[in-house]
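Okay, everyone, thanks for coming. Have a look at the structure on the screen, and I'll talk you through a few spots.

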Amino acid sequence: QRRVHGECGLNRHRLIPGKKMAPKLPSKKGEEAKKASNVPPPERKLKTQKATKSVYMKKVAAARAEKRRQDLKNREIVRRYYKYKRYYRAEKNDLANKKEHAKLSGNYYVPPEPRVAFVIRIRGIMDVPPKPKKILQLLRLRRIFTGVFVRLNKATLNMLRLVSTYIAWGYPSQKMISKLIYKRGHGKVGNNRKKLDNEVVEKVLKKQKLICIEDVIYQIATCGKHFREVNRFLWPFRMTSPAGGLKPKRKHFIEGGSFGNREEYIDKLMQKMM
């Protein structure tokens, strides 16, 4: 009897061929959810969603525009870098060709006088007379082992002559100018001293259409038309004590000392003080 009941229980849920199952009736919960989905959201929620979407789209558009602007700026920086590189190479080759041509002709070629000098203060503040002290302040050399670039003309040459015993100066090469600005260059932003980068240069010198450090190097090395603005923007370079020390400070460079004009040999001193 148990076995028969068990068999009936097992066959109770089997589908009989040719017989259709009764369709399921929709539940009340499903109908209520469908009706709720057809109800429009409140007006405040719609306004909030619209405003949020509008703000998001504006942010996306601004981000895309900024990325596009930054890409164009980077391309322009690279273009200017190679442009200046070609200029420096052409200038160097032109100078070599003129010297070679003069040598073949049995003459001497005298290159034009330098237009930019780098000045380093090598003595402190003790026992400085009022006039040299004032000139050093005008040159922005207020502390020992600080350096500045100076445009050479009659007025600045007279100033350098009057304070020659307190400074070492000369004519730096383009390679040394570039190395100095990249390694120890700082700019004046407001009254603050900021490490040089492309953003700082563009922020301060945007009116002069200078957007990168290569523009600053070019203006200094060639004494360009924006030399004054660039030189005022550059903070005086804080150099270190030269490796191996200085030679006697109270003797001129040509006498085996340290002060005075050392022309192109200023590169060696700058390298020691970087």
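So, aspartate 94 and lysine 98: their side chains meet in a salt bridge, 3.4 Å from N to O. Keep in mind that this is a predicted model. Both residues lie in helix H3, four residues apart, and that's about one turn of the helix. Are they buried or exposed? In between, actually: aspartate 94 is partly exposed because its relative accessibility is 37%, and lysine 98 counts as partly exposed at 37% too.

There's also a network to look at here: Glu76, Arg79, Arg80 and Asp215 are joined into one by salt bridges that share partners.

How many salt bridges does a search of the whole structure find? Seven. Let me show you two others in H3. Arginine 69 and glutamate 66 make one through their side chains, at 2.9 Å from N to O. Those two are three residues apart in helix H3, so about one helical turn separates them. Arginine 69 is partly exposed, with a relative accessible area of 39%, and glutamate 66 is partly exposed as well, at 39%.

Then there's aspartate 71, which forms a salt bridge with lysine 67; the closest N and O atoms are 3.5 Å apart. Here the spacing in helix H3 is four residues, so again we have about one helical turn between aspartate 71 and lysine 67. Aspartate 71 is partly exposed, with a relative accessible area of 33%. Lysine 67 has a relative accessible area of 56%, so it counts as exposed.

Staying on H3, which runs over residues 43–104, let's turn to surface patches. Which residues form the positive one? That would be Lys83, Lys85, Arg86 and Arg89. Lysine 83 sits in H3 and is partly exposed, with a relative accessible area of 42%. There's a nonpolar surface patch as well, about 280 Å², made by Val78, Tyr81 and Tyr82. Of those, tyrosine 81 has its place in helix H3, and it's partly exposed, with a relative accessible area of 34%.

Okay, on to the sheet. This is an open sheet of five strands with mixed pairing, and the order is E6-E2-E1-E3-E7. At the edges stand E6, residues 237–238, and E7, residues 260–261; each has a single partner strand, so one side of each has no neighbour in the sheet.

E1 covers residues 116–121, and six of its six residues are buried, so the strand is largely enclosed by the rest of the structure. In a regular strand, side chains alternate between the two faces of the sheet. For E1, both faces are covered: Val116, Phe118 and Ile120 are buried on one side, and Ala117, Val119 and Arg121 are buried on the other. Yes, that does include an arginine.

Now, what does E1 pair with? E1 and E2 run antiparallel and are joined by five bridges; valine 119, for instance, has valine 148 in E2 as its bridge partner. E1 also runs antiparallel to E3, residues 167–170, with four bridges between them. That arginine, arginine 121, has isoleucine 167 in E3 as its bridge partner.

And last, out to the edge: E2, residues 146–151, is joined to E6 by two bridges, and the two run antiparallel. There, threonine 146 stands opposite arginine 238 in E6. That's it from me, thanks.

Technical notes:
Residues numbered from 1 in each chain as written. Predicted model: local features only at pLDDT ≥ 70, side-chain atom pairs only at ≥ 80, totals over all residues. Heavy atoms only, no water. Patch = residues over 30% accessible without salt bridge, like charges linked within 9 Å, V, L, I, M, F, W, Y side chains within 5 Å. Areas by Shrake-Rupley, 256 points an atom, 1.4 Å probe, with all protein chains shown as cover. Salt bridge = Lys/Arg side-chain N within 4 Å of Asp/Glu carboxyl O. Lys, Arg positive; Asp, Glu negative; His and termini not counted. Charge placed at Lys NZ, Arg CZ, Asp CG, Glu CD. Buried < 20%, exposed > 50% of the residue type's maximum accessible area, 1.4 Å probe, protein only. Pairing = 2+ DSSP bridges.
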